[in-house]
Every structure is written in C-alpha cells, then in structure tokens.
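Q: I have a structure open and would like to go through it piece by piece. Can you take questions as I go?

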Amino acid sequence: MNDFIIAPSILSADFARLGEEVDNVLEAGADIIHFDVMDNHYVPNLTIGPMVCKALRKHGVTADIDVHLMVKPVDRMIGDFIEAGASIITFHPEASEHIDRSLQMIREGGCKAGLVFNPATPLHYLKHVMDKVDMVLLMSVNPGFGGQSFIPSTLDKLREARALIDASGYDIRLEVDGGVSEKNIAEIARAGADTFVAGSAIFGKTDYKMVIDAMRKELASVR
Ligand SMILES: O=C(CO)[C@@H](O)[C@H](O)COP(=O)(O)O
C-alpha cells in the first residue's frame with residue numbers, strides 16, 4: 001500500500017453503473033474503495049448492503065473494500081460483510097453494545113477492524129482497545145450524506161488521534177471522511193491523517209484521474 005491512501009466513497013458514484021464506476025476510479029489511481037452502509041436508523045439515509053459488496057467482488061474487484069458501517073446494531077452486519085468479501089470493517093462505538101467483541105469478530109473473520117468517531121464523539125472509546133484496532137476513522141462531517149463541508153475542528157481531533165496512535169506503538173491507520181478534496185487534503189495530512197475518503201470531490205468530476213493526481217501532488221508536498 002502507498003504511504004497515503006486515497007479511498008473514493010462510492011456513495012457519490014452512479015449506482016446504476018457501479019461496477020464500471022469502481023473499475024474506472026481504481027484505474028484512475030485510487031488505492032481502495034470506501035463503501036458506506038447506512039440503515040435509516042443510526043443515520044438518516046439508506047444505502048447499500050452486503051449483496052452489493054459481494055456483487056463487486058463477483059464483478060472482479062480485487063482492491064481492498066473499506067466498509068463503513070453506519071448501522072445499529074452492528075454485529076449481524078459484521079458476519080454478512082465478512083462473507084461478502086469486505087477487507088476492512090469499521091463501525092461507530094456508540095452503535096455497538098460490546099465494542100471489544102465487535103472488533104474481535106471482525107478480526108476473527110480475517111478483516112481489518114476499525115472504530116469511527118463522529119465529529120462530537122470523544123476518542124476515549126479507543127483507550128482499552130488500541131491493540132484490537134487497525135484503523136481509526138474520524139468523520140469530518142455528520143454521517144449520512146455526501147457533499148457536506150469539512151468541519152474545521154476535525155484538524156485538532158486528527159492531531160489528538162495521531163498522538164494517541166503514535167504513543168500506542170501499534171500499526172493503525174488514521175482515516176478521515178467528509179468534505180475532503182484536493183483543496184484541503186494537504187492540510188488534513190499535515191494534521192496526521194494518512195487515509196483519505198473522498199466522494200463528491202472525485203465522483204463529482206468527469207476526469208477521476210485528474211482529481212486523484214491533484215490529490216497525490218498535494219500529498220507529495222507534505223512528506
Ligand atoms: O460516510 C460518508 C457520509 O456519511 C462519506 O463517506 C461521504 O460519502 C463522503 O462524501 P464527501 O463529503 O467526500 O462528498
């Protein structure tokens with residue numbers, strides 16, 4: 001994997017041509033695919049489930065699929081997504097009754113596990129599970145919809161999360177999601193993120209390669 005990972009969110013893709021959209025964005029230089037699962041209960045929107053993940057694998061997608069569960073409860077969906085071919089599964093701590101158990105279920109299923117923090121959710125949920133987490137995802141918008149503006153206080157939270165991760169000594173990726181574009185990606189990377197979800201900034205343009213190249217150019221100025 002690259003040091004910096006670009007993860008297009010297919011929430012902003014054309015769902016009528018999803019396989020083709022995923023092929024195109026990977027060909028344009030994306031590293032992994034970000035897959036948003038919303039249940040109209042934990043978040044006010046309804047999207048896609050394990051059948052679509054399975055269909056992407058059947059279509060021939062071999063890149064990592066980074067499944068962000070915005071569902072409550074989470075545990076049943078974990079098994080279904082492991083079976084459907086997910087590579088990484090992240091969930092919101094406040095949506096699980098037993099955070100440690102949910103993380104273990106994900107790893108035991110052969111996937112990487114992560115916790116997701118909404119803008120107002122404190123990072124203290126991490127304290128006792130650092131050894132069971134492969135990814136920390138900070139939402140830089142309130143979850144539910146693409147196309148929202150980046151919440152600036154996320155930069156301080158990223159610095160806080162980066163310090164916790166570095167102090168832990170574990171190999172944990174720090175992902176950010178919401179309002180990320182080629183205009184702010186360098187500043188976000190400087191605050192400590194290494195994995196960048198971008199939906200509308202990529203799928204809202206016709207030339208995906210141009211946007212991803214522009215993001216990489218910005219990131220090259222950081223490290
Ligand atoms: O999970 C979510 C929103 O809940 C995100 O993954 C969005 O899909 C990001 O979209 P942009 O803000 O990049 O348009």
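Q: Where is P73 placed?
A: This is a predicted model. In it, P73 sits in the loop between β3 (65-70) and α3 (75-84).

Q: What joins K72 and P73?
A: A cis peptide bond, with omega at about -5°. For background, most peptide bonds are trans, and most residues other than glycine have a negative phi.

Q: Then what about the phi of N40?
A: N40 is not a glycine, yet its phi is positive, about 55°. The residue is in the loop between β2 and α2 (50-59).

Q: Is N40 buried or exposed?
A: Exposed: 12 other C-beta atoms lie within 10 Å of N40, and 12 or fewer is the cut-off for that class.

Q: How confident is the predictor? What are the ipTM and pTM?
A: The complex gets an ipTM of 0.98 and a pTM of 0.98. For the protein chain the average pLDDT is 97, and 99% of the residues score at least 70.

Q: On to the ligand. Which residues come nearest?
A: L11, P143, G146, G199 and S200, out of 22 residues around the ligand.

Q: Which elements each supply at least two residues of that shell?
A: β2 (33-38), β8 (195-198) and α7 (200-203).

Q: And how many of the shell residues are nonpolar, polar or charged?
A: Eight are nonpolar, twelve polar and two charged.

Q: Which residues does UniProt list under "active site"?
A: The annotation, from an unreviewed entry, covers D36 and D177. They span 142 residues in sequence, but their C-alpha atoms are no more than 10.7 Å apart, so the two gather at one spot.

Q: Where does D36 lie, and what does D36 touch?
A: D36 is in strand β2. Leaving out residues up to four places away in sequence, D36 touches S9, L11, T47, H68 and M70. D36 is buried, with 24 other C-beta atoms within 10 Å.

Q: Now D177: which strand is that in?
A: Strand β7, residues 173-177. D177 is buried because 26 C-beta neighbours fall inside 10 Å, and the class needs 20 or more. Outside the residues up to four places away in sequence, D177 touches L137, M139, S140 and V197.

Q: Which positions carry the "binding site" feature?
A: UniProt (unreviewed entry) places that feature at S9, H68, G144, F145, G146, G147, D177, G178, G179, G199 and S200. D177 is thus covered by the "active site" annotation and by the "binding site" feature.

Q: Take S9. Where is the residue, and is S9 buried or exposed?
A: S9 is in the loop between β1 (5-8) and α1 (18-27). With 24 C-beta neighbours inside 10 Å, S9 counts as buried.

Q: Which residues is S9 in contact with?
A: H34, D36, G146, V197, A198 and G199, setting aside neighbours within four places in sequence.

Q: What of S200, where is that found?
A: In helix α7. S200 is partly exposed, with 17 other C-beta atoms within 10 Å. Apart from residues up to four places away in sequence, S200 touches S12, G146 and G147.

Q: Back to the loop between β1 and α1: is D14 buried or exposed there?
A: D14 lies in that loop and counts as exposed, with 10 C-beta neighbours inside 10 Å. From C-alpha to C-alpha, D14 and L126 are 35 Å apart in space and 112 residues apart in sequence.

Q: Change of topic: how many residues are in the largest nonpolar core?
A: The core has 71 residues, and those with the most contacts inside it are V67, L69, A86, I89, V136 and F196. In general, nonpolar side chains in soluble globular proteins tend to be buried together.

Q: What does L69 touch?
A: V37, V74, M77, I89, T90 and F91, not counting residues up to four places away in sequence.

Q: Last one, I106. Which helix, and which contacts?
A: I106 lies in helix α4, residues 99-108. Beyond neighbours within four places in sequence, I106 is in contact with I78, I89, C111 and A113. I106 counts as buried, with 29 C-beta neighbours inside 10 Å. I106 and G144 are 23 Å apart, C-alpha to C-alpha, and 38 residues apart in sequence.

Methods
Residues are numbered from 1 along each chain as its sequence is written. This is a predicted model: local features need pLDDT of at least 70, side-chain atom pairs count only at pLDDT 80 or more; totals for chains, interfaces and linings use all residues. A residue is near a molecule or strand if its C-beta atom, placed from the backbone, lies within 6 Å of it. Helices (H or I, at least four residues) and strands (E, at least two) are DSSP runs, numbered from the N terminus. Ala, Val, Leu, Ile, Met, Phe, Trp, Tyr, Cys and Pro count as nonpolar, Asp, Glu, Lys and Arg as charged, and the others, Gly among them, as polar. pLDDT is the predictor's confidence in each residue, from 0 to 100. UniProt positions are given in the numbering used here, feature names are shortened, and annotations may be inferred rather than shown by experiment. Two residues are in contact if their C-beta atoms, placed from the backbone, lie within 7 Å. A nonpolar core is a set of buried Ala, Val, Leu, Ile, Met, Phe, Trp, Tyr and Cys residues joined through C-beta atoms within 7 Å.
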